Amino acid sequence: MSSASRRRPSLWTPRTKETWTPSRRNVLTLGGAVATAGLLSACGGGPSVGGDTARAETTQTEWDGVDPAERITWWSNHPGNTMEWEQSMIDAFTAETGIEVELVTAGANYDEIAQRFQAASGTSEIPDLVGASDVWWFRYFVNGQIIPVDDLFAHLGVDTDDFVDTFYEDYAYEGLHYAVPYARSTPLFYYNRDMWEAAGLPDRGPETWEELAGWSEALWGVVPGEGAPLGLSHGPSWSAWWYSNVSWGLGAAMSEEWDVTLETEESIAAGRFVRDLYHGDGAYAGFSAQNNADFQAGMFASLVGSTGALTGHLEAATFELGAAFLPEGPVPGPTVPTGGTGIAIAADREPGQQLAGAMFLAFLTNAENTADYSAGTGYMPVRHSAIEGETMSALYEEVPQFRTSVDQLERTRTQDWVRVFTPGGDQIITDGLEEIILQGSDAEDVFPNVAAQLERAFSENVEPYL
């Protein structure tokens, strides 16, 4: 079919020569990945919310009379391959305070840490500090496994107003904060500048999804046979994250506080947009089991990926890397979700250990150290003072892509509660989106079932314990 014979795309309707189809290699690898995700979900990740460890009333500790412990333990998965950096921070902290911190690799990712932490509840294996991702910390809170940091930071004189608002408030409930932002990120739009030039496109990211759809035909002419204009992967802790951008851009949301809103007209339209990205005459998105690596190798012309992957792309890409804000939709307002992990203080520890843990968190996330972490990984500096500090300013001059990722923070908003507060909510939403992405199902058929599962998960595992 010639380009002249195609209908002109309407708002947010992508177009291309043909539907992108994953290669046999992609399908086989993805099958294993999906099966693994299902297995993890089936394992349950330890005790359910509201079990024997259900949240108790917060007790007040007079921190003035507490001496910090001499030794604490930190469970981490070393986001951004940062074990050596984390150990260097520990060494510096110990030299400054005399407090030793044992660094434990407690899992390969956020989910594995969370499952291990839940399984250790009530045992002597509980750490003092634990990774608390955006989709897991609230389960810790409801289970009574972590304490708020507010009083501890007030006692230590930590300026919490200096934290980037959307990062710190992601860990807030009923006026208290239950973790400290650490390896925080947003999705970012990456593009292959060489392909952009070959396609005759301006050297910038698309301002809207509609504009990207209009560019897709030119990009089809420069991507390899198994490639696509856009690489957009799926899976737990990812699908519902980038989907937030699409949903908000169309004036939709997955929930309004605890009320699930996936069956509204706007949400159904957002689900159909996702389907059309991958299926039909207008499709221009593809996926693989190694989305980042395949983008770096030139399989995809562009990629929606985490800012936490920025350093890896700069090091591994075989082309000039472009970075831009996420595309916007027709409805004005912030459309960029935040994500990643924070660090929480365990409830089942002595006050001295909790105080020592808070001291380490204050040190780890101060302006100098969060800037150093950001420069080495691509994760966001979590303090306002670090964003325009000496380290980051020098980095912007050398690597302007970092400036783009930090500037995009102005477009962020806190996430929909149903994804990050409902136990298993992210997985339930992911399953629904994968049905749309992999099978081409209609949101009208998928989202009502997803909504029912989310409502049941809330009524059974959250509502009785709030």
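In this predicted model, helix α9 (residues 239-249) and helix α19 (residues 425-439) offer a good place to start: their axes come within 9 Å and cross at roughly 70°. Because angles of 65 to 115 degrees count as roughly perpendicular, α9 and α19 are described as roughly perpendicular to each other. On the α9 side, the residues that meet α19 are S239, A240, W242 and Y243, and their counterparts in α19 are D426, I429, T430, L433 and I437. Sorted by class, this contact has six nonpolar, two polar and one charged residues.

Two of these α9 residues turn up again in the interior. The largest nonpolar core has 113 residues, and W74, W242 and Y243 touch the most other members. Helix α13 (residues 351-364) gives this core its largest share, eight residues. Leaving aside residues up to four places away in sequence, W242 touches L232, S233, V274, Y278, V304 and I437. A second core, separate from this one, has 29 residues, including V130, Y171, W258 and F458.

Turning to the strands, five of them form an open sheet with mixed pairing, in the order β12-β9-β13-β8-β14. At its edges lie β12 (285-286) and β14 (321-324), each of which pairs on one side only. Within the sheet, β9 (residues 228-231) and β13 (residues 300-306) run parallel and are joined by three bridges; L230 has S302 in β13 as its bridge partner. Helix α17 (residues 400-407) packs on the sheet, where α17 touches β8 (187-192) and β14, and the direction of α17 makes about 20° with that of β14.

Terms used
Residues are numbered from 1 along each chain as its sequence is written. This is a predicted model: local features need pLDDT of at least 70, side-chain atom pairs count only at pLDDT 80 or more; totals for chains, interfaces and linings use all residues. Side-chain values use heavy atoms; hydrogens and water are left out. A nonpolar core is a set of buried Ala, Val, Leu, Ile, Met, Phe, Trp, Tyr and Cys residues joined through side-chain atoms within 4.5 Å. Buried means under 20% relative accessible area, exposed over 50%, partly exposed in between (1.4 Å probe, protein chains only). Helices (H or I, at least four residues) and strands (E, at least two) are DSSP runs, numbered from the N terminus. Contact means heavy atoms within 4.5 Å. Axes are lines fitted to C-alpha atoms, for helices over the stretch in contact, and angles run from 0 to 180 degrees between N-to-C directions. Angles under 35 degrees count as roughly parallel, over 145 as roughly antiparallel, 65 to 115 as roughly perpendicular and the rest as oblique. Ala, Val, Leu, Ile, Met, Phe, Trp, Tyr, Cys and Pro count as nonpolar, Asp, Glu, Lys and Arg as charged, and the others, Gly among them, as polar. Two strands pair if DSSP finds at least two bridges between them.
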